[in-house]
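I wanted to know where the nonpolar residues gather in this model and how the strands around them are arranged. My notes follow.

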Amino acid sequence: MDIKAEKQRLREKIWREIQERGIAKFPLPCWRRIPNFQGAEKAAENLRKLEEWRNAKVIFVSPDSPQRKVRENALKDGKILVMASPRLKKGFLVIKPEKVKGKEAYTSTIRGAFQFAEQTQNFPKPDLVVTGSVAVDVHGNRLGKGGGYGDRELEIIRGRFGKVPVVTTVHDMQVVDSVPSEPHDQKVDIIATPTRIIRVKSP
């Protein structure tokens with residue numbers, strides 16, 4: 001079985017369905033992206049209820065569109081926000097909440113983050129990581145858009161700091177029975193959707 005081809009088939013299926021069912025949101029079309037989705041804000045609010053979120057002082061969030069509200073909430077809740085620059089081209093962005101009071105929504109966008117962040121290769125240890133996915137299964141296998149950047153971010157964090165809990169926020173239809181995986185693929189621990197929180201079962 002060609003795992004790379006299986007992964008691509010699953011990506012295409014999710015992109016097609018999320019678009020056809022009217023779940024996809026700007027930026028459109030959602031092909032070749034971590035798709036933004038109706039209910040992304042609700043998934044971000046569900047994530048906010050977790051003990052791991054409440055206890056976190058530093059939160060690392062991917063730069064994808066569906067995680068914008070997660071980034072805003074982190075700043076509003078007084079947490080240091082660490083964000084990867086898109087495709088890791090400019091390292092990492094560290095934003096201190098006290099510097100952006102009243103501007104959290106704008107700062108949670110890519111443009112706003114670059115305006116207010118410190119750009120660095122070094123960042124404080126995150127207490128929680130939030131990443132985007134094209135698809136995910138209940139065993140924590142995650143499928144990105146195919147560029148490998150999400151896996152690279154998680155690899156850097158785990159390489160530097162050891163085990164840190166990883167959450168993905170997705171639409172319910174992005175939670176599938178099985179995601180094909182390879183040894184280098186990084187897993188998630190928690191899935192937050194607009195309707196539920198799924199804690200991954202260890203095999």
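I looked up the largest nonpolar core (a set of buried Ala, Val, Leu, Ile, Met, Phe, Trp, Tyr and Cys residues joined through side-chain atoms within 4.5 Å; buried means under 20% relative accessible area with a 1.4 Å probe, protein chains only) and found that it has 22 residues, with Leu-47, Trp-53, Ile-59, Val-70, Ile-95, Leu-128 and Val-130 making the most contacts inside it. Helix 4 gives the most to this core, three residues; helices here are DSSP runs of H or I with at least four residues, strands are E runs of at least two, and both are numbered from the N terminus.

The model is predicted, so I note that local features need pLDDT of at least 70 and side-chain atom pairs count only at pLDDT 80 or more, while totals for chains, interfaces and linings use all residues. Residues are numbered from 1 along each chain as its sequence is written, and side-chain values use heavy atoms, leaving out hydrogens and water.

I then followed Leu-128, which, leaving aside neighbours within four places in sequence, is in contact (heavy atoms within 4.5 Å) with residues including Leu-47, Trp-53, Ile-59, Phe-60 and Val-164. Apart from the largest core lies another, of 19 residues, among them Ala-84, Val-129, Val-166 and Val-188.

Which way do the residues of strand 5 point? Leu-128 and Val-130 point one way and Val-129 and Thr-131 the other, and all are buried.

Strand 5 pairs (DSSP finds at least two bridges) with strand 1 in the parallel sense over three bridges, and Ile-59 stands opposite Leu-128. Three bridges also join strand 5 to strand 8, running parallel, where Val-166 stands opposite Val-129.

Notes: Buried < 20%, exposed > 50% of the residue type's maximum accessible area, 1.4 Å probe, protein only.
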